[in-house]
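This report covers the internal voids and open pockets of one protein chain, followed by its overall dimensions.

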Amino acid sequence: MNGATRTMNATPGEAPVLLRRAGRAGHIVLNRPRAINALNHAMVGLIDEALTAYERDDSVATVVLTGAGERGLCAGGDIRSIHDDVRAGGRAASAAFWHDEYRLNARIAHCPKPYVAVMDGIVMGGGVGVSAHGDVRVVTERSRVAMPETGIGFVPDVGGTYLLTRTPGELGTHLALTGSAVGAGDALLCGLADHYVPSARLAEFTAALSDLTAADAVRQYATAPPAGELAARREWIDHCYAADSVEEIVERLHSFGDRHAKEAAETILAKSPTSLKVTLAALRKARELPSLEAVLAQEYRVSCAALASPDLPEGIRAQVVDKDRTPRWSPAELSQVTDADVARYFEEPAVGTNV
């Protein structure tokens with residue numbers, strides 16, 4: 001694969017994933033810039049094929065993931081296709097997509113060569129899955145990293161519950177329930193990224209990987225990140241989100257006496273009540289699971305169960321299809337979501353196969 005950018009099983013100029021060799025670096029470029037490089041099933045397969053090729057090629061020392069365009073690495077999975085799948089009465093296509101996507105997430109975590117993810121701009125949902133499991137994760141001043149699933153009637157996946165349960169204190173619970181995006185400083189604090197490189201130097205950094213090791217390139221180009229916001233909010237975050245239920249978390253946030261805590265409470269209350277309760281349960285269970293693979297298997301069960309929930313197509317409709325931003329959740333209140341409702345999400349899936 002030496003030489004110019006090449007594509008796999010796609011028409012040049014339209015390929016959703018581009019491959020390029022530069023010296024000892026094998027580049028994978030997500031190439032759907034108008035959709036902020038949102039992942040679809042074909043892209044997952046192409047990335048997987050690229051990893052196989054690069055891992056077997058002794059002349060490739062480093063794998064580099066970037067996104068085309070100026071808006072971000074990847075805005076997540078192609079949720080409109082999931083909406084269409086569910087509305088058409090099917091579930092198998094979405095389950096198959098998640099099955100392969102989650103396997104790819106695990107593969108990235110175990111890539112035998114340095115996997116450098118350039119997390120510039122928007123990096124959300126599935127974008128986190130193809131980047132934050134790598135071993136060299138670079139953010140910039142433009143980075144906005146989030147797992148916003150509760151806002152579309154879904155639950156953090158792609159290993160998100162694994163990553164978010166390994167943040168300091170209860171920062172991960174805060175990010176999971178609110179779906180809030182964080183900048184470079186807070187992504188580093190939360191362990192979602194490793195290094196900060198100013199966006200103006202990204203081209204130099206990625207070019208340097210053709211000759212330098214990833215470690216040497218980081219030493220040459222990484223600098224101190226801008227200050228984040230979450231460190232100063234740890235007191236109320238750790239206290240409020242340690243509660244055993246979403247209702248109690250919201251109550252603590254409202255009563256803590258901090259403006260940001262109250263804003264977090266209002267943000268949470270706008271999300272899907274069912275998704276909130278399932279998310280909290282998934283996070284608590286993920287803390288006890290022994291590996292990323294075990295967490296991904298749990299997430300697969302939860303994701304497949306979400307296909308039968310009215311909140312997932314409704315959330316996508318409100319946020320992406322009609323864009324009226326007024327989802328009608330069912331049930332509409334936290335108090336109406338029972339323990340049995342939550343437990344159903346953790347049963348073995350009726351569609352697809354185990355991840």
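The predicted model holds 2 cavities of 30 Å³ or more. The largest cavity has a volume of about 60 Å³, and the second largest cavity has a volume of about 50 Å³.

The largest cavity is lined by V128, V145, A146, M147, G160, L163, L164, L175 and L192. Two elements, β9 (144–146) and α5 (160–164), give two or more residues each to this lining. The largest share, 3 residues, comes from α5. In class terms the lining of the largest cavity has 8 nonpolar residues, 1 polar residue and no charged residues.

Which residues line the second largest cavity? They are L164, T165, T167, G169, E170, L171, G172, T173, L283, R284 and R287. L164 is thus listed in the lining of the largest cavity and in that of the second largest cavity. Among the elements, α6 (171–178) and α13 (273–286) each supply at least two residues to the lining of the second largest cavity, and α6 gives the most, with 3 residues. This lining has 3 nonpolar, 5 polar and 3 charged residues.

Next come the open pockets. The largest pocket has a volume of about 840 Å³. Its lining consists of 35 residues, and those nearest the pocket centre are A75, G76, G77, I79 and V320. Elements that contribute two or more residues to this lining are α2 (79–87), α3 (92–109), β7 (122–124) and α15 (311–321). By its numbering, I79 falls in α2 and V320 in α15.

The second largest pocket has a volume of about 340 Å³. It is lined by 17 residues, with T66, G67, G69, D120 and L202 closest to its centre. Here the elements that give two or more residues are β3 (25–30), β4 (62–67), β5 (72–74) and α8 (202–208). The element that gives the most to the lining of the second largest pocket is α8, with 3 residues.

The table sets out the volumes and the class make-up of the linings.

| Void | Volume | Nonpolar | Polar | Charged |
|---|---|---|---|---|
| Largest pocket | about 840 Å³ | 17 residues | 7 residues | 11 residues |
| Second largest pocket | about 340 Å³ | 6 residues | 6 residues | 5 residues |
| Largest cavity | about 60 Å³ | 8 residues | 1 residue | no residues |
| Second largest cavity | about 50 Å³ | 3 residues | 5 residues | 3 residues |

The remaining values describe the chain as a whole. The protein chain has 16 helices and 10 strands. Its radius of gyration is 20 Å, close to the 20 Å that the globule rule gives for 355 residues, so the chain is as compact as a globular protein of that length. Along the principal axes, the C-alpha atoms fill a box of roughly 60 × 45 × 40 Å.

How much of the chain is buried? Of the 355 residues, 54% count as buried. The chain exposes about 14,400 Å², and carbon and sulfur atoms supply 49% of that area. As for contacts between residues at least 6 apart in sequence, 71% join residues at least 24 apart.

Notes
Residues numbered from 1 in each chain as written. Predicted model: local features only at pLDDT ≥ 70, side-chain atom pairs only at ≥ 80, totals over all residues. Heavy atoms only, no water. 1 Å grid on protein atoms, 1.4 Å probe; cavity = no way out; pocket = protein on both sides within 12 Å on 5 of 7 lines; lining within 4 Å. Points joined across faces, edges and corners; volume = space filled by probe spheres on them. Helix = DSSP H or I, 4+ residues; strand = E, 2+ residues; numbered from the N terminus. Nonpolar A, V, L, I, M, F, W, Y, C, P; charged D, E, K, R; others polar. Rg over C-alpha atoms; globule rule 2.2 N^0.38 Å. Buried < 20%, exposed > 50% of the residue type's maximum accessible area, 1.4 Å probe, protein only. Contact = heavy atoms within 4.5 Å. Areas by Shrake-Rupley, 256 points an atom, 1.4 Å probe, with all protein chains shown as cover.
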